[in-house]
Amino acid sequence: MHSLSDLERQILMKIKPSHDEYRLILGSFEKISDVIKAVLAENNISAEVTLQGSVAHDTWLSGDWDLDIFVLFPEKWTREDIEKEGFRLLLESAKRIGNYELRYAEHPYIRVKLGKVEADLVPALNLSDLSATKTSVDRTPFHTKYINATLSDEQKDHVRLLKKFMKAIGVYGAEVKTHGFSGYAVELLIGVYGDFKSTLKEASTWQPPIFINTMGESFTKEIKDLLLSRYPDSYIYMPDPVDPRRNLGASVSLKSLATFILASWCYMRNPSVEFFVETIEPSLEDLVNILDKRCILFVIYELPEALPPDVIWGEIQRVSSRLSNYLEIFGLNVVDHSVWSNGKDIAIIGIELESCWLSSYKLYRGPCISHEKERITNFIQAHLGKGYGPWIDRDGCLSSLDRRRYTDAVELITSRWKDYSVSPHLKNLKPTVEVASKDVVIDLLMKGAGAWLSEFASKMPKWMEKCIS
Ligand code: CTP
């Protein structure tokens with residue numbers, strides 16, 4: 001096992017929770033757990049209140065005060081019992097604990113706030129073994145047992161470092177928003193490669209698609225083939241050791257994977273603090289300077305009702321890709337596009353074009369004299385009266401210079417919004433389209449989109465400078 005460098009030790013000191021934080025987090029768990037236990041007793045239900053996720057694995061980061069509390073109901077309960085009765089009992093508990101909101105992932109759960117600590121209360125089944133048909137919620141207690149049985153305390157610190165590294169380069173989190181690695185996937189990577197540096201060393205040589213043997217000797221060719229056929233579009237395959245039919249790498253996009261591979265390579269060459277620093281919001285003045293003389297546009301949707309984060313991020317990503325393809329069809333060169341949401345009721349597409357304007361006429365090249373006459377006459381018919389031409393050029397081929405319907409990207413995006421706003425919750429919402437300006441930047445900063453805007457506009461991640469020196 002590689003020991004930590006001075007830099008890594010310094011980073012670890014900052015990201016490892018302090019004793020006070022442990023007291024706060026574990027004390028909050030006790031308080032919440034006592035309330036739930038009282039509600040269960042009053043209702044004559046016997047269920048286990050358990051701590052799961054990174055706090056139970058002891059791989060959480062300082063300042064991340066999120067608890068995953070799973071209440072495990074008897075194995076004989078049906079899924080409906082869990083969703084109705086289990087959920088009702090947790091809701092009753094949440095009302096006694098503090099502020100709460102209802103959430104929905106694969107099935108409903110509740111997020112409660114106790115001071116600065118947030119806890120997800122999740123009703124699940126108390127299974128003795130994991131049959132293949134259960135949901136991801138039921139796998140979680142098995143993950144906790146697995147991680148605590150396989151990772152040493154030292155390796156858990158290496159997990160913290162790798163999580164922080166991935167956060168800083170923007171690839172941590174399996175949600176739709178990030179398309180990166182889940183905390184559990186990070187834990188398994190450290191388990192497979194042993195430590196932080198060995199993981200980065202391996203990752204720096206990856207060529208997608210990648211298979212990672214997360215199962216030691218129980219990994220078989222059948223598992224590999226099954227994952228390949230169940231997840232044909234994945235770039236990285238990591239079977240879940242507690243349920244090998246599931247690919248833990250399914251959430252990772254090619255962009256996230258490529259970012260992790262390159263950042264790992266650069267870190268191995270030139271380790272530096274930049275690889276552990278998350279985007280800092282620049283000043284208004286800096287942002288306005290960066291945006292100057294470029295064609296950066298924002299397409300802003302304000303939703304009438306709050307939606308779950310995965311839904312809204314998924315929909316805005318789809319619309320963003322659609323808009324980008326749409327603009328290319330009209331002859332606009334798209335430099336980049338990216339999305340941001342507050343995870344509730346605002347969704348924004350940022351799109352940069354090489355130019356916000358197109359020339360008034362577009363050149364079309366047609367068939368040549370050696371082609372069939374029918375193709376030639378069709379071309380003449382299609383272009384006649386559309387501008388200037390058709391004419392025969394020096395190579396004996398037809399050309400035509402036709403007037404463009406749109407020459408202004410803003411006008412095109414504003415008026416044709418129905419053509420690209422194609423997702424279920426955005427399709428009837430007319431977006432506002434803004435050209436990047438000081439006022440727009442102020443508005444985006446107020447909405448909380450500053451870090452995103454900075455990354456989108458400044459383009460090169462800070463750590464990339466370290467790839468060459
Ligand atoms: N989980 C999973 N797959 C995911 C996300 C979560 O299996 N894509 C399960 C894992 O069992 C994980 C648990 O849900 O241990 C809690 O996940 P989450 O709260 O999202 O993250 P943590 O692993 O707790 O990591 P951290 O809070 O440090 O980001």
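Visitor: How do you know that the side chain of His-143 makes a polar contact with the ligand?
Guide: An oxygen atom of the ligand is 2.5 Å from an N or O atom in that side chain. A polar contact is a pair of N or O atoms within 3.5 Å, so the pair at His-143 qualifies. The model is predicted: local features need pLDDT of at least 70, side-chain atom pairs count only at pLDDT 80 or more, and totals for chains, interfaces and linings use all residues. Residues are numbered from 1 along each chain as its sequence is written, and side-chain values use heavy atoms, with hydrogens and water left out.

Visitor: What makes Ser-54 and Lys-163 polar contacts of the ligand as well?
Guide: A polar backbone atom of Ser-54 lies 2.8 Å from an oxygen atom of the ligand. For Lys-163, an N or O atom of the side chain is 2.7 Å from a ligand oxygen. The protein covers 74% of the 570 Å² of accessible area (Shrake-Rupley method, 1.4 Å probe) that the ligand has on its own.

Visitor: Which residues surround the ligand?
Guide: Those with a heavy atom within 4 Å of the ligand count as near; among them are Gly-53, His-57, Asp-68, Thr-140, Tyr-172 and Arg-246. The shell divides into 2 nonpolar, 7 polar and 3 charged residues. Asp, Glu, Lys and Arg count as charged, and Gly is among the polar ones. Helix 3 (53-57) and helix 5 (136-150) each supply at least two residues of the shell, and helix 3 gives the most, with 3.

Visitor: Why is helix 1 called roughly perpendicular to helix 6?
Guide: Helix 1 (residues 6-15) and helix 6 (residues 153-169) pack at an angle of about 90°, with axes 10 Å apart. Angles of 65 to 115 degrees count as roughly perpendicular, so helix 1 is described that way relative to helix 6.

Visitor: What makes the contact between helix 1 and helix 6?
Guide: Glu-8, Ile-11, Leu-12 and Ile-15 of helix 1 meet Asp-157, Arg-160, Leu-161 and Lys-164 of helix 6, where contact means heavy atoms within 4.5 Å. These residues comprise 4 nonpolar, no polar and 4 charged.

Visitor: Which peptide bond involving Pro-208 is cis?
Guide: The bond joining Pro-208 and Pro-209 is cis, with omega about 0°. Pro-209 sits in the loop between helix 8 (196-203) and strand 6 (210-211). The bond from Gly-389 to Pro-390 is also cis, with omega near 0°, and Pro-390 belongs to strand 14 (residues 387-392).

Visitor: What is the phi of Asp-58?
Guide: Asp-58 has a positive phi of about 60°, although it is not a glycine. Asp-58 lies in the loop between helix 3 and strand 2 (66-73).

Methods
Axes fitted to C-alpha atoms, helices over the stretch in contact; angles between N-to-C directions. Helix = DSSP H or I, 4+ residues; strand = E, 2+ residues; numbered from the N terminus. Parallel < 35°, antiparallel > 145°, perpendicular 65-115°, else oblique. Polar contact = N/O pair within 3.5 Å; in protein donor to acceptor, adjacent residues only side chain to side chain.
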